[in-house]
Amino acid sequence: MEEATSKRRLAENEAVFRQLNEQVDIGVIETNRLADEDNQPEFKIEPQDENKPIYFFCECADENCTERVLMNLKDYREIHENRNNFVILPGHQVKRVEKIILKTPDYYVVQKNIDVPENPQTLNSTDVDNS
């Protein structure tokens, strides 16, 4: 994969995976809103619950990767305060487009050394399999 795939395409793949993970975060916010609206506090995800682990998609450059990263919502949010940071499984890094800035036993945080697309929905679609 590393030789045949452009650096830009690798960054785009990671941006798409991060967009999927952001839907998890939005789901937490929406669940809390609905729990408040329906007066069902037992369904709320309270701030102290942000330390409970959730499965996120690996945000690596491999567009065919479906592996999951187990981490808590609080850490996920903190890592992504910088839009060039991505959470990947150990061994999924691509040295030519990113550097590892944090290693944990369960995941790595990598930072892009190229521009990351602002909104992956605006990317041009392709039928090319670059895996």
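This briefing covers a nonpolar core, a small set of paired strands and one histidine. The model is predicted. Its largest nonpolar core has 18 residues. Three strands, β3, β5 and β4, form an open antiparallel sheet. His 92 sits in the loop between β3 and β4.

**Nonpolar core**
- Seven of the 18 core residues touch the most other members: Cys 58, Val 69, Met 71, Ile 79, Val 87, Ile 88 and Tyr 107.
- At least two core residues come from each of β2 (68–72), α2 (73–79), β3 (85–88) and β5 (108–112).
- In soluble globular proteins, nonpolar side chains tend to be buried together.

**Sheet**
- The strand order is β3-β5-β4, and the pairing is antiparallel.
- β3 and β4 are the edge strands, and each pairs on one side only.
- On average, neighbouring strands of this sheet are turned by 35 degrees against each other, direction ignored.
- β4 and β5 run antiparallel and are joined by 5 bridges.
- Ile 100 stands opposite Val 110, which belongs to β5.

**His 92**
- The loop that holds His 92 runs between β3 and β4 (98–103).
- His 92 has a relative accessible area of 19%. Buried means under 20%, so His 92 counts as buried.
- Leaving aside neighbours within four places in sequence, His 92 is in contact with three cysteines, Cys 58, Cys 60 and Cys 65.
- Under that same exclusion, His 92 is also in contact with Glu 67 and Glu 98.
- Cys 58 links two topics here: it is in contact with His 92, and it is among the core residues that touch the most other members.

Definitions and conventions. Residues numbered from 1 in each chain as written. Predicted model: local features only at pLDDT ≥ 70, side-chain atom pairs only at ≥ 80, totals over all residues. Heavy atoms only, no water. Core = buried A, V, L, I, M, F, W, Y, C linked by side-chain atoms within 4.5 Å. Buried < 20%, exposed > 50% of the residue type's maximum accessible area, 1.4 Å probe, protein only. Helix = DSSP H or I, 4+ residues; strand = E, 2+ residues; numbered from the N terminus. Contact = heavy atoms within 4.5 Å. Pairing = 2+ DSSP bridges. Axes fitted to C-alpha atoms, helices over the stretch in contact; angles between N-to-C directions.
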